[in-house]
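Let's take a walk through this structure together, one piece at a time. Keep the picture open as you read, and turn it around whenever a new part comes up.

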Amino acid sequence: MHLAYPAVLAVLLFCVGLYGVLARRNAILVLMSVELMLNAVNLNLVAFDVWLRDSLHAGQALTLFTIAIAAAEIGIGLAIVLAVYRNRGTSAVDDLRDTAERPGDDTGSGDGNGPDDASGPGGATADEPARTDASQKAEATA
Amino acid sequence: MTTTTLAVLVPLLPFLGAVAGLLLGRTAPGLARPLAVLPALTSLGLAAVVAARQGGDAAVDAATQLTPTGSVPIDLALHIDGFAALAAVLVGLVASCVQIYSTAYLHDDPRYPSYAALVSLFTSAMLLVVYSGDLMVLLVGWEIMGICSYFLVGHYWETPEARAASLKAFLVTKLGDVPFLIGLFALAADAGSFRITRILATVADGGLDHPTLIALLLLAGVAGKSAQFPLHTWLPDAMAGPTPVSALIHAATMVAAGVYFIARLLPVFAASAAALVVLAVMAAVTMAGSALAALAQDDIKRVLAYSTIGQLGYMTGALAVGDRGAAVFHLLAHGAFKALLFLAAGVIIHAAGTNSLAAMSRMKDLRARVPDAYWTMTVALLALAAVPPFSGFFSKEAVLGAAEHTATGHSGTAPGAAGWIVLVAGLVTALLTAAYATRLWLLAFNGRGTEAPDHGRQPVAMTAVLWVLAVPSLAFGVTVGALPDWFDGHKLAPTLTTSVLGTGFALVGALVTYGAWRQTTSLAARVPIGAVAAHRDGDAGLVEAEAIATRTPAYGDVAAAPDPADPGRLLLGPLHRHAAAGFRLDAVYAALFVRPVQAGARLVRFLDREVVETYVRGAGAAPRWLGVAVRRAQTGNVQTYLSALLAGTVVLAVAAVLVATAGA
Amino acid sequence: MNVAATAPQGFLSPTGVEIAFVLVGLVTLGAAVVTVTTRQLVHAALWLVVALGGLAVEYLLLTAEFIAWVQVLIYVGSIVVLLLFGLMLTRAPIGRSPDADSGNRPVAVAVALAAAAALVWVVVDAFRTQWIDLDQPQGTTDVTGSILFRHWVLPFEALSVLLLAALVGAIVLSRRNATRGTGSPDAGSPDAGSPDAGSRGTGPRGTGSRGADDKEQR
């Protein structure tokens, strides 16, 4: 089999995933697109492994690792998306613009908005109680 | 101790006193007075010893070189001849008197320690100028005096007049000092040394290449320091300082330095006939103009200031006719009686509470309040008016005699034209001097009207020095026979012609003024004038400061008062207005220098604010607008960021591939 | 690079495996494209199943059988299910949603096309003559298992630690949500429901009060 077939297929899949990451609004759809990109890489790894007849089967081993990491990533990613959704009521990526600069932020952003920025994005508010939870848990177990 | 050691100590002691006074003035105010008075007195004593040892014989010369200074060496040199020895005694005497007087005059002044230290420094600088045998060292003293006069004239810096006057004194003298410095360098370049002895030797050999240029450059500095036309305008304004400072500046130190400098280097000036004629014209204009101006002044101290300018004109006139003996003789005599006049005027101002002659002429029995000042001032005014047998008569006749000597062609050095100019101007000025001296005396001590205020006797420290100074004013003339031994050997005794002429003119002036005063004095009662200081029981310095501060609000002018009873107004007629304003020279300066400078400053300000600032603002605004534009990219949308990132990655990858394939 | 120096066959005379690979590849690619373009979110997940399944077939055609089964098991079996759960929990709309794509779409198209063009060009340019010899299976379960546990044990164990960490992380993230216990997310954060409503900096979205609430609850 020509090596070009799997290689080109992988490239096209990767670019489709790329498009999805850049164009989709819903965070879960973005995660799906990331999966597509990962799979394109996997296909590449397998094809080259087969082509090279690697005695260590490094390509296939790495593919397995990638799959495992992808599973972990999707779990964490979904947890984050859910946390964001609980806090913000949305899972649209382009609604999460707390790091954007607003007209009022022109001057004194160091003072006026510093604490606000820290507590502004959903991720931060999600993290902070988690930290307190962890510390409280630590106290409870101790 | 050798004479040299003594002579070194003379300027050194006041200097150390000044340093100690400045250091300890705050922590130990009790030491300020001894530290001020004792060095001055010791210096006086040492100067007298030096003078006695020198005795008018061959000059004492000593020099040491601290460090090599290039092609023209600078030495720490002493050159003490008869001029230097006597001038140092005068400086020491006047400085001691001023220091003693100041202890009482500025008794309650919180700034007395720094004041006394500056006076000591001033004295030290003048003594350095007097004794120095090296022009660079002389220049050091010269400039120290300039900065000290700035501080001392501005002693009452709370008043705008004092601030303006101190700045003016500094700037005008500096205006002369710049050409002076260039002249010194030119002189040293021609002579190959800054040592006075070597310069004089070079001049004697005819080694000067540009005598006229050098003389005129030096003359500018002398005109600034000695307040000669046209750089004299700082001196009347310098009256905004305390009276003892005026006495010090006017009698012995600052203004005398210029005359003394020419006297030292007279051969340099004499090498150029043109310079002598310029000097003569300068002296003539100075003395005649200042005498007219003095006749119109209302402030007693300004009268004396203009009189100083006039007497300095006599000295430069004597120098213009090549007789430095007469010049220094007049300098010594004038130093004594002018110091006396100023110090007495300080007492009078303290007693009357005003510095206005118009106000004094409406006070009865002022003379009874200050008998010491009355008598000593009378002596000094007689000396000023050159009435025999007071000291001023002899010294002024020496000047006029020298002028007549030159005018009739008996002098080898100076051109006859210079002699005529000085002689005529000197005679006219003798008349005017007598006139304004009489006017001052009549207005100050023969007032009619309300009783003069009485607040006790003046402090002994102030009155005693008046009598000390009255002695040389009265009797200095007797030395006329001995002085030529100390000087160049020219005969200084008065000749019959000039004596008769000079005294006659003086009598005429005095009589005319008296007649005018009789005419006008009846008007005094009708126009009440009088603004007196509020704190009559304060020390004299406070009273004077208040008198200066209240003068402009009360009279509308710093120089004149609207007093129809002033005989000067009758004598001068329509000229009075201009004379009171110093013949509008300040206005000319304002038009010539001040306004162009201000216009230039406005232009620079405009260029800075509108042109340069625009670039600065632009330099700030352009990045800001750029920042605003770039900031629009910060949407907060992760996808946008990622798009830009990946697009850049693609571009970079394509570029890398292209480069790689192109190379292959 | 000592293998398959030159292709024994040209592109115009494909083998049977190649035809199958291309056909399945087209299906996979089509499913992927539909996944990233469809307006129905659940459909996207289902089309993702097709794409991932197609990839599993491709792995089989490349003789990597173990990878193919793992692909089916993990991706199709668990990850897509997880994604579907995620869609469900975030109340993704059933049916066509008009705003499935963000405003970044034209840029995304441009970037993706540029990247595809560049990569295809490079890949084709580099590998158009290379040939994969599929006569000997390269990735049987037997071989893969022995290799994995003989040569790749240490990374494998490290990976298990990573998975454990991810598991714990996911639990922590989820547990926080669980212990919040205030019912619906909107009720739990009334002001957070409108993040663009301009409450930034003024609203009481402070973490301090919330932390206090937490403490009171415990």
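**Starting from one alanine**

A good place to drop in is B:Ala48, which sits in helix H2 of chain B, the helix covering residues 32–54. Before going further, keep in mind that what you are looking at is a predicted model. Is B:Ala48 buried, exposed or partly exposed? B:Ala48 has 16 C-beta neighbours inside 10 Å, so B:Ala48 counts as partly exposed; being buried would take 20 or more, and being exposed 12 or fewer. Now look across to B:Leu93: the two residues are 45 residues apart along the chain, and their C-alpha atoms are separated by 9.5 Å.

Stay with H2(B) and see what packs against it. One partner is helix H4 of chain B, residues 112–131; the axes of H2(B) and H4(B) are 9 Å apart and meet at an angle of about 15 degrees. Angles under 35 degrees count as roughly parallel, and H2(B) and H4(B) are therefore roughly parallel to each other. Their crossing is left-handed. If you want to find the spot on your screen, H2(B) brings B:Ala32, B:Ala36, B:Pro39, B:Ala40 and B:Ser43 to this contact, while H4(B) brings B:Tyr112, B:Pro113, B:Ala116, B:Val119, B:Ser120, B:Thr123 and B:Leu127. By class, the contact of H2(B) with H4(B) has nine nonpolar residues, three polar ones and no charged ones.

The other partner to look at is helix H1 of chain B, residues 3–24. H1(B) and H2(B) also pack with their axes 9 Å apart, but here the angle is about 170 degrees. Angles over 145 degrees count as roughly antiparallel, so that makes H1(B) roughly antiparallel to H2(B). H1(B) passes H2(B) in a left-handed crossing as well. The residues in the contact of H1(B) with H2(B) come out as 17 nonpolar, six polar and one charged.

**Over to chain A**

Next, move to chain A. How many helices and strands does chain A have? There are five helices and zero strands, so a walk from the N terminus reads α-α-α-α-α. Of the 142 residues in chain A, 54% count as buried. Take the contacts in chain A with a separation of 6 or more: 52% of them join residues 24 or more positions apart.

How confident is the prediction here? Chain A averages a pLDDT of 76, and 70% of the residues score at least 70. Among the elements of chain A, H1(A) has the highest mean pLDDT, at 92, and H4(A) the lowest, at 39. Go to residues 108–142 of chain A and you'll find pLDDT staying under 50; for this stretch the model has 37 contacts beyond four places in sequence.

**Chain C, and where it meets chain A**

Chain C has eight helices and zero strands, in the order α-α-α-α-α-α-α-α from the N terminus on. Buried residues make up 28% of its 218 residues. Within chain C, 62% of the contacts with a separation of 6 or more are between residues 24 or more positions apart.

So how many residues of chain A touch chain C? The count is 79 residues of chain A, in contact with 101 residues of chain C. On the chain A side, the elements that give two or more residues are helix H1 (4–23), helix H2 (27–52), helix H3 (58–88), helix H4 (114–119) and helix H5 (122–141) of chain A. H3(A) gives the most, with 23 residues. The chain A side that touches chain C divides into 49 nonpolar, 18 polar and twelve charged residues.

To finish, zoom in on C:Ala100, in the loop between helix H3 (65–89) and helix H4 (105–127) of chain C. C:Ala100 is buried, because 21 other C-beta atoms lie within 10 Å. C:Arg39 is 61 residues away in sequence, yet C:Ala100 and C:Arg39 are 5.6 Å apart in space, C-alpha to C-alpha. Leaving aside neighbours within four places in sequence, C:Ala100 is in contact with C:Arg39 and C:Leu41 from chain C and with A:Arg24, A:Arg25, A:Asn26 and A:Leu29 from chain A.

Note on methods
Residues numbered from 1 in each chain as written. Chains lettered and ligands numbered in written order. Predicted model: local features only at pLDDT ≥ 70, side-chain atom pairs only at ≥ 80, totals over all residues. Helix = DSSP H or I, 4+ residues; strand = E, 2+ residues; numbered from the N terminus. Contact = placed C-beta atoms within 7 Å. Nonpolar A, V, L, I, M, F, W, Y, C, P; charged D, E, K, R; others polar. pLDDT = per-residue confidence, 0-100. Axes fitted to C-alpha atoms, helices over the stretch in contact; angles between N-to-C directions. Parallel < 35°, antiparallel > 145°, perpendicular 65-115°, else oblique. Left-handed = near helix turned anticlockwise from the far one by under 90°.
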